[in-house]
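I opened this model to look up its sheets, its helix packing and its enclosed space. My entries follow in the order in which I looked.

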Amino acid sequence: MLFLSFALLVSIGTLYPGAPVHAATVTVNAVADTDTQSDVSAGTNATLHASQWNHMFVKFSLSGLSSVMNVKVRVYHSSHQNNHTLYIHQASTENWNEGGTKPSLGSQIASKSVTGIGYQEFDVTAAVQAKLSEGAASATFGFSTDLGTWEAYQSREGANKPQMIVTTSDSGGGSGTMKIGTNFWFLASWSGESPFKTGIDWATAYSSGTDIWNPTFISELAPYTTLRFMDWGATNNSKVQYWSQRRLPTDPGNTDIGYIDGSSPLRPGLAYEWMIDLCNRTNKDMWVTLPHMADNNYANQLAQLIKSKLNPNLKVYVEYSNETWNGAFTQFQYTIDQGVAGGLPGMNQWYQGGAYSLYRSVNIWREFASVFGSEMESRVVRVASFSGNYDIFDVGYNNIMNSPSWNRTGQKADMIAIAPYVGGNLDGSSPTIQSQFRQDTDTKFTTRVLTAVAIADKYNVKLGAYEGGQHLTTNAHTWSANQQIYNEYLYMLDKFAPYFELFNHYAHAGTWSSGGAWGAKAYTGQPIADAPKYRAIVDWVASNP
């Protein structure tokens with residue numbers, strides 16, 4: 001019971017703009033439960049007991065819930081000894097855990113006569129609505145009976161877990177809370193993206209305040225709130241270690257970063273000054289991914305530059321490298337080697353590598369905190385990303401963040417971020433591609449998104465998507481050009497919206513081919529009628545301001 005058990009089983013109708021209002025039913029399993037007398041092993045018992053003197057308590061997360069119409073809580077009576085009355089109460093506090101101090105009973109909400117085995121259900125709509133209006137993150141309910149002897153109910157370790165069944169109103173536009181950001185693809189002539197004007201004098205452009213940006217490119221960024229510069233920053237397979245190795249804004253090589261593989265020579269990404277300039281001109285938040293070998297001084301110097309140059313109304317998201325769990329990149333083996341050599345906690349090298357990624361994140365965030373000081377909370381978002389083995393991240397986060405030796409300044413992530421891609425094994429030319437894509441969206445939602453929600457809720461951290469979208473690698477261009485992907489993107493965004501703070505689509509514009517069509521647009525300036533993914537993003541944002 002110390003490991004968070006949180007499941008959402010969602011039944012939602014088709015979600016398109018203009019769809020009629022309908023109901024969505026969400027079943028939420030308990031995140032903690034105990035009783036005050038018999039559950040003595042830090043909350044591990046499969047059976048809890050209720051009586052006049054022994055009280056059960058069950059906590060449910062309220063994460064992602066909005067527009068609540070009806071809420072019922074039910075607990076399973078597993079062994080019937082005596083007919084009795086079961087009372088449900090509010091709890092005195094939400095600040096409790098299974099192995100620590102327990103709450104006490106608050107005001108009574110309802111009661112029910114219990115005459116046999118089975119689920120006992122209570123209407124708690126008003127109590128949950130009140131919790132949501134207060135901004136509470138959870139709702140705890142207490143249970144007692146009118147008997148002096150114990151009656152048995154199943155805990156969240158049992159087969160029939162305590163549940164909270166929530167009915168929400170849903171007009172087909174998501175929750176309205178998720179914002180859409182974007183990634184940029186590669187800065188290269190072949191990439192399809194044309195961000196710059198022609199005829200730029202790079203030697204003087206930055207010092208003179210020249211606007212170097214293609215107006216068409218700028219106009220296409222309108223739907224996004226955040227710009228992630230991972231590929232423009234040449235993050236993957238980077239050999240950059242020191243601040244002196246970064247690219248300067250005067251370098252004409254800013255226009256052609258291209259793809260870097262493990263055998264490429266050292267090649268830094270776009271100058272940070274130009275990343276900042278783009279964010280300032282478009283009023284977009286900035287997302288930086290630091291090279292995996294960059295030292296602490298690099299992080300400190302970058303923090304100083306961003307603090308002094310980025311408009312103070314904008315935030316910077318700070319992430320260590322990109323997909324250090326992904327064996328396709330050199331940062332994967334690097335983090336494993338460093339984790340093993342440094343003796344980081346973990347049951348094997350994979351866990352030690354995951355722990356090292358978080359350890360470096362902590363050190364980078366510490367440098368930003370030393371620079372931003374009192375402005376850290378308002379201007380910096382600390383991001384811990386994962387999308388490979390979720391358990392490696394979960395264990396590593398607990399081992400590093402909660403360790404005074406590995407995390408001396410007590411840094412915590414403000415957001416954990418995953419990459420909920422859809423359709424990786426699909427053929428874009430299949431006659432049933434639309435229904436297959438819809439089915440895979442539902443599968444990824446259940447197996448990847450909701451599992452990440454549980455981890456985010458466990459550590460009380462917001463959930464984001466550092467990347468996401470379609471992931472076809474067979475006839476990807478065919479599906480990206482298919483007008484039906486418009487509807488499926490709307491469905492995907494609606495499905496994800498209640499659970500994500502920010503969804504960074506991958507990517508904004510990039511050449512479409514059979515083996516990959518990541519861009520919402522195939523190229524800068526592509527007519528919106530020919531770019532159904534981009535059109536879906538624009539329309540979804542307009543419906544969810």
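I looked up the partner of Ile88 and found that it stands opposite Phe143 in E10. The strands concerned are E7 (residues 84–91) and E10 (residues 138–145), which run antiparallel and are joined by five bridges. Strands pair in my notes if DSSP finds at least two bridges between them, and the element names are DSSP runs numbered from the N terminus, with helices (H or I) of at least four residues and strands (E) of at least two.

I note for the record that this is a predicted model, in which local features need pLDDT of at least 70 and side-chain atom pairs count only at pLDDT 80 or more, while totals for chains, interfaces and linings use all residues. Residues are numbered from 1 along each chain as its sequence is written, and side-chain values use heavy atoms, with hydrogens and water left out.

I then followed the sheet outwards: it is open, has five strands in the order E3-E5-E10-E7-E8, and its pairing is antiparallel. Strand E3 (32–35) and strand E8 (105–114) stand at the edges with a single partner strand each, so one side of each is left without a neighbour in the sheet. Neighbouring strands here are turned by 20 degrees against each other on average, direction ignored. I also find helix H1 (residues 125–134) packed on this sheet, where H1 touches E7, E8 and E10 and its direction makes about 150 degrees with that of E10. For such entries, contact means heavy atoms within 4.5 Å, and axes are lines fitted to C-alpha atoms, for helices over the stretch in contact, with angles from 0 to 180 degrees between N-to-C directions.

Next I turned to the barrel, which eight strands close in the order E13-E14-E15-E16-E17-E18-E20-E22, with parallel pairing. Its neighbouring strands are turned by 25 degrees against each other on average, direction ignored. I checked strand E20 (residues 462–465) against strand E22 (residues 502–505): they run parallel and are joined by two bridges, and Ala465 stands opposite Phe503 in E22. Helix H7 packs on this sheet and touches E15, strand E16 (316–320) and strand E17 (380–385), its direction making about 145 degrees with that of E16.

How do H6 and H7 cross? The axes of H6 (residues 330–341) and H7 (residues 349–372) come within 7 Å and cross at roughly 95 degrees. H6 and H7 are therefore roughly perpendicular to each other, since I count 65 to 115 degrees as roughly perpendicular, under 35 as roughly parallel, over 145 as roughly antiparallel and the rest as oblique. Among the residues that meet are Phe332, Tyr334 and Ile336 in H6, and Trp350 and Tyr356 in H7. By class, this contact has six nonpolar, seven polar and no charged residues, where Ala, Val, Leu, Ile, Met, Phe, Trp, Tyr, Cys and Pro count as nonpolar, Asp, Glu, Lys and Arg as charged, and the others, Gly among them, as polar.

For helix H9 (residues 390–401) and helix H10 (residues 433–458), I noted an angle of about 5 degrees with the axes 11 Å apart, which makes H9 roughly parallel to H10. Here Tyr390, Phe393 and Asp394 in H9 meet Arg448, Thr451, Ala452, Ile455 and Lys458 in H10. The contact has four nonpolar, one polar and three charged residues.

I looked up two backbone details in loops. The peptide bond from Tyr506 to Ala507 is cis, with omega near 0 degrees, and Ala507 has its place in the loop between E22 and helix H13 (532–543). Asn237 is a residue other than glycine with a positive phi, near 60 degrees, and lies in the loop between strand E14 (226–228) and H4.Lastly, I looked at the largest cavity, a cavity being a set of points on a 1 Å grid over the protein atoms alone where a 1.4 Å probe fits but cannot get out, with lining residues having an atom within 4 Å of a point. Its lining divides into 12 nonpolar, four polar and two charged residues, and E15 gives the largest share, three residues.
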